[in-house]
Amino acid sequence: MTTARTVKQLFDLTGKTALITGGSRGLGLQMAEALGEQGAKIVLSSRKQSDLDEAVAHLKSRGVDASAIAADLSKEAAIKPLVDEALQRLGHIDILINNAGATWGAPAEDHPVEAWDKVMNLNVRSIFLVSQEVGKRSMLPRKQGRIINIASIAGLAGNGPGTMKTIAYNTSKAAVINFTRALAGEWGPYGITVNAIAPGFFPSKMTKGLLEQLGEEKLSREAPLQRIGDDEDLKGIAMLFASDAGKHITGQTLAVDGGVSAV
């Protein structure tokens, strides 16, 4: 009979590797901190090298083994070179966090098709292509892996009158949620878990305009916990989905929103 691991051992990521897209700031960097501080070797990706350099310096100051690769994942041609370089640096990829994303605000009747395609290409198509590449080249052959897709509570509901006009974003995040379910079903027999996190309102570059428009106080009042997310609130769920503590969880989407989607 084997001895059950302690909780600390289950959450330990020593010797594990992680590729985090959209990892240079905001939610991606928050999750990179969590995984790195638990022992994972991190490769970050985003479009701007300057942002990545700053993020890597920040992580290293916290004792995290981190490096970065600049890549525009809205372009299919950037994906294979990103995975090539990540595998060269890491040897294999244990954890993939698909966090890169974009939004666009416009009434549905006036929403530019080009903007729809931009949101869909980054928020949905790139997640499929990065997961496919990492799966084929690292996770499926090794019969293990953790994939974490960043969805949104915007993918759980529509927009009421007088609220956000983000039809492409909402649609894309709903697609991410069902992509998570479908991939979990296909790749479960290979020991790969696939889960999604659906954040509510967190301060970020993407939500800055909305927070200024609606006000943090108003958004906080609408949440049962009477607050919006902070720079710690995704760390626990990211660690659960990334570690052996969550090895029997797959195909799930967890909202981290202060209870907004529950009421």
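**Stop 1: the second largest pocket**

In this predicted model, begin with the lining of the second largest pocket, where the residues divide into four nonpolar, five polar and six charged. The space in this pocket amounts to about 180 Å³. Its lining consists of 15 residues, and those to select are the closest to the pocket centre: Lys-16, Gln-144, Arg-146, Ala-242 and Asp-244. Next, colour helix 1 (7-11) and strand 5 (145-150), the elements that give two or more residues to this lining.

**Stop 2: helix 2 against helix 9**

Keep Ala-242 selected, since the residue reappears here: Ala-242 belongs to the helix 9 side of a contact with helix 2. Display helix 2 as residues 26-37 and helix 9 as residues 235-242; their axes lie 9 Å apart, and the packing angle is about 55°. Helix 2 is therefore oblique to helix 9. Viewed as a crossing, the pair is right-handed.

To see the contact itself, show side chains as follows:

- from helix 2, Gln-30, Met-31, Glu-33, Ala-34 and Leu-35;
- from helix 9, Lys-235, Ala-238, Met-239 and Ala-242.

By class, the residues of this contact comprise six nonpolar, one polar and two charged.

**Stop 3: helix 5 against helix 6**

Now move to helix 5 (residues 113-142) and helix 6 (residues 167-187), whose axes cross at roughly 20° and come within 8 Å. Because angles under 35 degrees count as roughly parallel, helix 5 is described as roughly parallel to helix 6. The crossing of these two helices is right-handed.

On helix 5, select the contact residues Trp-116, Val-119, Met-120, Asn-123, Val-124, Ile-127, Phe-128, Ser-131, Gln-132, Gly-135 and Leu-140. On helix 6, the residues that they meet include Ile-167, Tyr-169, Val-176, Phe-179, Leu-183 and Trp-187. A colouring by residue class will show 15 nonpolar, six polar and one charged in this contact.

**Stop 4: helix 4 against helix 5**

Keep helix 5 on screen and add helix 4, residues 79-90. Here the axes come within 10 Å and cross at roughly 40°, which means that helix 4 is oblique to helix 5. Helix 4 passes helix 5 in a crossing that is right-handed.

The helix 4 side of the contact is formed by Ile-79, Lys-80, Val-83, Asp-84 and Leu-87. Opposite them, select Ser-126, Leu-129, Val-130, Glu-133, Val-134, Arg-137 and Ser-138 in helix 5. This contact contains six nonpolar, two polar and four charged residues.

**Stop 5: the largest cavity**

Leave Ile-79, Ser-126 and Leu-129 selected from the previous stop, as these three residues are also among those that line the largest cavity. The remainder of the lining is Leu-73, Ser-74, Lys-75, Glu-76, Asn-121 and Arg-125. Helix 5 supplies the largest share of this lining, with four residues.

The volume of the cavity is about 30 Å³, and the count of cavities of 30 Å³ or more comes to one. In its lining, the residue classes are three nonpolar, three polar and three charged.

**Returning to helix 5**

As a final view, display helix 5 with helix 4, helix 6 and the cavity together. Helix 5 is roughly parallel to helix 6, helix 4 is oblique to helix 5, and four residues of the cavity lining come from helix 5.

Note on methods:
Residues are numbered from 1 along each chain as its sequence is written. This is a predicted model: local features need pLDDT of at least 70, side-chain atom pairs count only at pLDDT 80 or more; totals for chains, interfaces and linings use all residues. Side-chain values use heavy atoms; hydrogens and water are left out. Axes are lines fitted to C-alpha atoms, for helices over the stretch in contact, and angles run from 0 to 180 degrees between N-to-C directions. Angles under 35 degrees count as roughly parallel, over 145 as roughly antiparallel, 65 to 115 as roughly perpendicular and the rest as oblique. A crossing is left-handed if the near helix is turned anticlockwise from the far one by less than a right angle, and right-handed if clockwise. Contact means heavy atoms within 4.5 Å. Ala, Val, Leu, Ile, Met, Phe, Trp, Tyr, Cys and Pro count as nonpolar, Asp, Glu, Lys and Arg as charged, and the others, Gly among them, as polar. On a 1 Å grid over the protein atoms alone, a cavity is a set of points where a 1.4 Å probe fits but cannot get out, and a pocket is an open set with protein on both sides within 12 Å along at least five of seven lines; lining residues have an atom within 4 Å of a point. Grid points are joined across faces, edges and corners, and a volume is the space filled by probe spheres set on the points.
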